[in-house]
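Ready for some practice at reading a protein structure? Work through the exercises below one at a time, and try each task yourself before you look at its solution.

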Amino acid sequence: MQEDFHYYATYCAAHLAGHTQQECREISYCAQLVDWCSRTFLASLGAPSSAATTQLQLELMEARTDLLGLQDITRIWSSFHFLPRDLHADPGRGGRHYRHKYQLVCGPNGDLLKDTVELARGRGTQAVGLAMHVLADTWAHQHFAGTPSLVINNTNNHFFELLGEGDSVRVRQVRFRHNPTAPDDLENGLYANSIYQQDENSIMNLGHGRAGHLPDYSFARYRYLPAWADYEEVVKDNPSDYWNAFCQMVYAMRCLRTGEPFETNRYAQDAVRPWEADIRSVLGKRQLDSCDDWRQLGERMTGVALDPFDLAAYQQEYLDAARSDRVGTFLGRFFVSALAQKSMVTNRIFRTGSLLAGVSIEYEEKGFGGIKDYLLLVRRVSEEALHE
Amino acid sequence: MSKAQRVKEVLLGLLSIAGAALMTLVPDLGYALVALIMCVSLILGGIEKIGYYLTMGRYMVGGRSIFYFGILLLDMGILAGSLSTTPQSLIMIYLLGCHLLDGVVQVMRAREQRGFEAPWKLTLAQGIANILVAVACILFMGSMNTVVYIYCAGLVYSACLRIASAFRKTAIVYIQ
Amino acid sequence: MVDVESATKLRRSRDALSISGRAIVAFGLWDIARAFLSSAYGSSLGQNDEEIERVFADFDIENMELLAIIALIVLVLLFLSIFLRFHVGLAAHSEARGKKKGWGYVVLAAVMALNNTALVIVSYTFLFVTRSYLSLAGTLITSIIDLTSIYAYVDLIRSAITVKRLTVCQAEGR
């Protein structure tokens with residue numbers, strides 16, 4: 001998903017979930033920050049690099065694809081953008097390695113989603129915003145995995161856009177080109193995607209790169225052959241999926257705010273219904289960027305002007321704070337939430353016997369070990385325990 | 001990374017550096033070794049592709065193309081090994097391409113880091129160094145020794161990275 | 001109304017047809033490159049230089065003319081083989097993309113598969129009959145592509161039959 005949904009739609013969803021104006025801003029800021037918090041960004045703040053929630057294009061191009069590099073990539077992308085739906089799924093064929101990769105396929109309403117939302121409970125707007133980003137992406141990025149894998153993430157020329165609705169649906173072949181700088185041409189069905197690389201672990205085979213930005217366009221409806229689906233066609237209906245994502249975000253944030261336990265496959269359609277026509281209209285509008293439409297909708301919902309996303313909004317507070325106090329700043333709390341999410345997802349993947357996301361050490365059994373950045377997590381847990 | 005893996009990485013790194021040193025000291029032998037390494041790489045690459053197809057690729061839509069590609073690579077490697085002389089220009093083009101691509105990516109990354117006011121000078125320096133190596137490949141295309149020296153430089157660089165990664169802390173802690 | 005299972009099978013067969021067609025074209029191109037590289041840079045595969053020199057030393061002028069004619073015929077056959085491979089491969093790829101093609105290329109593929117099989121059998125038979133075991137390694141190695149080509153032809157034929165059958169069923173609405 002893009003800024004239009006992660007920032008503006010999350011803001012609207014937070015409002016409908018009953019959050020205050022300030023909370024809505026913070027949650028939506030953090031939901032969008034997940035797409036900006038790269039190692040480059042963290043290095044500029046002197047922040048722990050393990051808190052990275054994304055990798056920029058050029059970072060990816062330079063990323064090493066040895067064992068450690070792949071584990072690092074998988075940790076980031078599976079934890080924040082391609083949350084696995086079912087870590088115990090059985091493809092019915094292939095060896096262990098293939099099965100582990102298949103189990104990383106993203107999809108909505110998995111057990112990990114429940115864990116993600118519950119992890120955010122009582123941990124502030126930063127954790128909520130981060131969880132909402134993860135939740136939204138489970139809808140948009142389904143059928144792809146957050147690990148470089150040709151056999152899971154590849155696509156071929158059997159890729160068709162479905163234009164129109166109902167009886168007047170027209171099928172048009174999607175044409176891909178490998179020019180990341182040129183904008184997608186919606187009129188002529190020309191989209192950018194990553195180059196085909198036969199190497200299993202190539203960065204080009206990470207996530208939905210082979211499908212370009214199509215999963216991130218709320219208006220797009222298309223059908224294609226996922227590499228793992230044995231020639232069965234998948235029809236992706238983004239307007240419907242994004243609608244579900246929005247309703248589920250409202251439900252999730254309401255649960256977190258009221259203390260109600262979060263359950264998968266539940267949606268707050270009752271709260272969203274008064275705005276359904278407006279939301280579906282924005283979702284279905286064929287345009288590269290729906291930020292303006294979402295912003296206007298958000299301003300109508302709340303009656304307050306909504307500022308555009310400003311990456312630098314909380315940076316000065318972080319930089320001005322003493323090193324020992326940084327974890328208590330706005331960004332500090334976001335970084336700790338990111339570490340917690342990454343730690344949780346890595347642990348779940350590790351427990352299935354897969355080393356794709358690396359090694360996870362159970363703190364309660366073996367104490368602290370491994371990457372020092374995660375000491376921040378230990379301190380937070382200790383503080384929470386002390387507080388209780 | 002397990003202890004055994006770390007030891008293996010360090011040993012491979014040291015072996016690569018030793019190999020690079022030997023090839024630099026005896027360039028004629030070095031060129032033959034580079035040609036041999038290319039031949040063996042192609043053969044192993046072909047076998048790897050075929051193995052990949054058998055374990056994973058055959059479950060993928062369009063996976064059979066991997067098998068055919070593997071067979072082609074294998075045959076290319078066998079032919080390269082059977083040739084009386086390996087064209088020097090082919091090896092040079094391969095090295096030139098690798099260094100140029102690396103260099104350009106690093107320079108672009110340095111620009112991006114500068115935009116974020118993050119440390120960028122080291123990345124820029126590495127990028128420029130790689131581009132200069134690519135230029136050297138073009139300028140000294142006719143020199144057999146240059147092929148060897150450039151190959152050895154790449155070997156030493158990747159060996160250092162391999163050794164450094166063996167000492168990186170990798171595990172992450174999970175807390176309930 | 002086409003059922004989902006048939007549609008999936010058709011997609012699978014079309015893809016296999018396209019891949020085997022492209023493989024046959026690729027092997028044809030590689031044959032040209034291999035022939036050029038071997039002649040330009042010399043290949044020692046399965047050959048003993050001293051033996052070859054001794055054989056050629058016994059040749060007189062008449063035999064050289066005969067050798068030249070044989071070489072020309074071999075060259076023509078090589079190019080013919082490559083041309084036929086291109087034809088078969090491109091036709092298969094075309095049919096896989098939905099263009100209607102006749103049975104000609106399928107029959108040709110069958111003929112070429114049989115031809116390749118015969119060549120492989122002959123080369124191994126010759127090897128064992130003449131007891132030229134020094135050339136065994138070379139023969140094994142050069143037959144990798146030949147055996148894979150046979151596999152590609154068989155795959156092409158099987159996929160083409162399935163595609164044609166299912167396409168007819170689809171058109172009839174079965």
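**Exercise 1. Take stock of chain C.**
Work out how many helices and strands chain C has, and what share of its residues is buried.

*Solution.* Start with the elements: in this predicted model, chain C has five helices and zero strands. Reading from the N terminus, you get α-α-α-α-α. Next, look at burial: chain C has 174 residues, and 21% of them are buried. Last, check the contacts between residues at least 6 apart in sequence: in chain C, 83% of these join residues at least 24 apart.

**Exercise 2. Now do that for chain B.**
Find the order of the elements in chain B, starting from the N terminus.

*Solution.* Count before you order: chain B has six helices and one strand. The order is α-α-α-α-α-α-β, with the strand at the end of the run. For burial, 35% of the 176 residues of chain B count as buried. For contacts with a separation of 6 or more in chain B, 69% come from residues 24 or more positions apart.

**Exercise 3. Classify two residues.**
Decide how C:Ile150 and B:Leu54 count on the scale from buried to exposed.

*Solution.* You need the cut-offs here: 20 or more other C-beta atoms within 10 Å means buried, 12 or fewer means exposed, and in between is partly exposed.

- Step 1: C:Ile150 sits in helix H5 of chain C, residues 136-172. It has 19 C-beta neighbours inside 10 Å, so it counts as partly exposed.
- Step 2: Who does C:Ile150 touch? Leaving out residues up to four places away in sequence, its contacts are C:Ala113, C:Asn116 and C:Thr117. C:Asn115 is 35 residues from C:Ile150 along the sequence, yet their C-alpha atoms are 9.1 Å apart in space.
- Step 3: B:Leu54 belongs to helix H2 of chain B, residues 27-55. With 13 other C-beta atoms within 10 Å, B:Leu54 is partly exposed too.
- Step 4: B:Leu54 and B:Arg64 are ten residues apart in sequence, and 9.6 Å separates their C-alpha atoms.

**Exercise 4. Find the buried face of a helix.**
Work out why the buried residues of helix H12 of chain A line one face of the helix.

*Solution.* First list the buried residues: in H12(A), residues 276-284, they are A:Ile279, A:Val282 and A:Leu283. Now look down the axis of H12(A): these residues fall within an arc of 100 degrees, so they line one face. Turn to the other side of H12(A), where A:Ala277 and A:Ser281 are exposed. Finally, ask what the buried residues of H12(A) pack against: helices H10 (238-258), H11 (269-272) and H13 (291-302) of chain A.

**Exercise 5. Describe three helix pairs.**
Two packed helices are described by the angle between their axes and the distance between the axes. Use this to describe H1(A) with H13(A), H1(A) with H8(A), and H8(A) with H15(A).

*Solution.*

- Pair 1: H1(A), residues 3-16, packs with H13(A) at about 10 degrees, and the axes are 9 Å apart. An angle under 35 degrees counts as roughly parallel, so H1(A) is roughly parallel to H13(A). The crossing is left-handed. On the H1(A) side, the contact includes A:Tyr8, A:Tyr11 and A:His15; on the H13(A) side, A:Trp294, A:Leu297 and A:Met301 are among the residues. By class, the contact has eight nonpolar, three polar and three charged residues.
- Pair 2: the axes of H1(A) and H8(A) come within 10 Å and cross at roughly 120 degrees, which means that H1(A) is oblique to H8(A). This crossing is right-handed. A:Phe5, A:His6 and A:Thr10 of H1(A) meet A:Gly129, A:Met132, A:His133 and A:Ala136 of H8(A). That contact has three nonpolar, four polar and no charged residues.
- Pair 3: H8(A), residues 124-140, and H15(A), residues 330-351, have axes that come within 8 Å and cross at roughly 45 degrees. So H8(A) is oblique to H15(A), and the crossing is right-handed. Contact residues include A:Leu130 of H8(A) and A:Phe334 of H15(A). Sort the contact residues by class and you get five nonpolar, four polar and one charged.

Technical notes:
Residues numbered from 1 in each chain as written. Chains lettered and ligands numbered in written order. Predicted model: local features only at pLDDT ≥ 70, side-chain atom pairs only at ≥ 80, totals over all residues. Axes fitted to C-alpha atoms, helices over the stretch in contact; angles between N-to-C directions. Helix = DSSP H or I, 4+ residues; strand = E, 2+ residues; numbered from the N terminus. Parallel < 35°, antiparallel > 145°, perpendicular 65-115°, else oblique. Left-handed = near helix turned anticlockwise from the far one by under 90°. Contact = placed C-beta atoms within 7 Å. Nonpolar A, V, L, I, M, F, W, Y, C, P; charged D, E, K, R; others polar. Arc of directions from axis to C-beta.
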